Amino acid sequence: MIRTEELLLNVGPQHPSTHGVFRIVVKLDGEIITEATPVMGYLHRGTEKLAENLNFTQIIPYTDRMDYVSAMTNNYVLCHAVEKMMQIEIPERAEFLRLIVMELQRIASHLVWWGTYLLDIGAMSPFLFAFSDRERILQLFNELCGARLTYNYMRVGGVKWDAPEGWIDRAKQFVKDMRLRLDEYHNLVSGNEIFLSRIKGIGKYDADTAIAYGLSGANLRSTGVDWDLRKTEPYSLYSRFEFDVVTGKNGDCYDRYLCRMGEIEQSIRILEQALEQFPAEGETMGKVPRVIRPPGGEIYVRIESPRGEIGCHIVSKGKAEPYRLKFRRPSFVNLQILPKLLVGESMTNLVTILGGIDIVLGEVDC
């Protein structure tokens with residue numbers, strides 16, 4: 001038997017797979033991880049505390065920065081919570097625009113995950129393909145709201161800007177092209193023997209474990225749990241459209257990969273229907289008071305972000321600023337299972353497991 005000595009190793013915060021703001025301290029017995037401790041807080045900004053001194057419109061830009069590759073869904077969850085408290089009716093055209101940008105954002109977010117995940121485990125070409133297609137989505141967002149990453153697009157009661165002339169047609173063309181590109185992605189990666197040997201059977205857990213840890217999104221559905229808030233608790237206009245909830249059965253990195261790729265396909269389906277049914281005219285803002293003051297009380301709403309369930313809990317005292325604001329950040333919750341998955345694995349699988357969970361560190365630290 002080879003005698004080994006315990007080694008304490010820092011992975012990050014400078015390691016490429018942790019993207020600069022996350023650290024894992026691992027104990028090694030040879031190449032095997034015996035203990036893993038996530039260290040977070042490198043990007044903590046105190047968003048929820050700052051919100052107590054801001055009105056609700058001023059809070060929206062802060063939600064952009066929580067998950068900077070999925071800003072549109074973060075905009076929505078805050079606005080949706082306030083609108084439910086104040087019982088504000090949203091014009092149909094505005095709701096269509098919201099849904100369209102959220103599904104485009106879901107595709108863009110999964111493209112970032114796909115490209116960087118494969119880059120982290122050793123494949124360069126997919127990263128270039130993914131960012132090429134994501135660029136087209138960012139150009140659509142730039143035309144719509146003048147920004148490429150942090151959009152500040154949604155408002156309580158609707159959206160800030162209507163779609164410019166020709167924008168819907170350009171979005172239709174992108175969706176048509178993206179369907180073809182998705183087939184190319186599968187041909188390039190999904191059946192590659194080297195790729196499959198890196199992720200199949202790695203980071204495996206069952207449905208009971210996923211539920212016990214509070215996992216959501218692809219991390220939950222990869223175990224076979226049929227749970228997507230767009231279906232189970234429909235919001236916005238999702239109940240109007242036909243799409244499937246993509247699930248796996250093995251709960252490993254490969255099933256999580258297939259779930260996210262399947263979600264891109266389902267987002268394309270939703271977008272095809274929404275763009276076809278987009279109203280020819282209409283208002284983009286509902287009737288909203290000049291100063292937004294939700295009635296006293298509290299509310300919790302949740303929606304399906306690209307990383308899972310993002311929730312917003314507001315406590316109001318009837319003032320223009322929230323008394324208390326709390327976000328349920330899916331990346332923070334999904335991260336809790338990481339030590340369990342890493343213990344007993346070799347160091348070569350650390351990046352595979354971490355990338356398979358799909359964590360955005362801005363959302364972890366908030």
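**Exercise 1. Decide whether Thr223 is buried or exposed, and describe its surroundings.**

Solution. Thr223 has a relative accessible area of 11%, so this residue is buried. The model used here is a predicted one. Next, locate the residue: Thr223 sits in the loop that runs between helix H9 (218-221) and helix H10 (229-232). Then look at the side chain: one of its polar atoms is 2.6 Å from the backbone oxygen of Leu220. Last, list the neighbours. Leaving out residues up to four places away in sequence, Thr223 touches Tyr205, Asp206, Ala207, Ala210, Gly248, Lys249 and Gly251.

**Exercise 2. Find how many disulfides there are, and check Cys79 and Cys145.**

Solution. A disulfide needs two cysteine sulfur atoms within 2.5 Å. With that cut-off, the count is 0 disulfides. For Cys79, the nearest cysteine sulfur belongs to Cys312 and is 9.4 Å away, and Cys79 is in no disulfide. For Cys145, the nearest cysteine sulfur is that of Cys79, at 13 Å, and Cys145 is in no disulfide. As to accessibility, Cys79 is buried at 0% relative accessible area, and Cys145 also counts as buried, at 10%.

**Exercise 3. Work out how helix H5 and helix H6 pack.**

Solution. Start with the geometry: H5 (residues 125-145) and H6 (residues 167-190) pack at an angle of about 170°, and their axes are 11 Å apart. Angles over 145 degrees count as roughly antiparallel, so H5 and H6 are roughly antiparallel to each other. The crossing of H5 past H6 is left-handed. Finally, consider the contacts: residues of H5 including Phe129, Ile137 and Leu140 meet residues of H6, among them Phe174, Met178 and Tyr185.

Notes: Residues are numbered from 1 along each chain as its sequence is written. This is a predicted model: local features need pLDDT of at least 70, side-chain atom pairs count only at pLDDT 80 or more; totals for chains, interfaces and linings use all residues. Side-chain values use heavy atoms; hydrogens and water are left out. Buried means under 20% relative accessible area, exposed over 50%, partly exposed in between (1.4 Å probe, protein chains only). Helices (H or I, at least four residues) and strands (E, at least two) are DSSP runs, numbered from the N terminus. A polar contact is a pair of N or O atoms within 3.5 Å; within protein, one must be able to donate a hydrogen and the other to accept it, and residues adjacent in sequence count only if both atoms are side-chain atoms. Contact means heavy atoms within 4.5 Å. Axes are lines fitted to C-alpha atoms, for helices over the stretch in contact, and angles run from 0 to 180 degrees between N-to-C directions. Angles under 35 degrees count as roughly parallel, over 145 as roughly antiparallel, 65 to 115 as roughly perpendicular and the rest as oblique. A crossing is left-handed if the near helix is turned anticlockwise from the far one by less than a right angle, and right-handed if clockwise.
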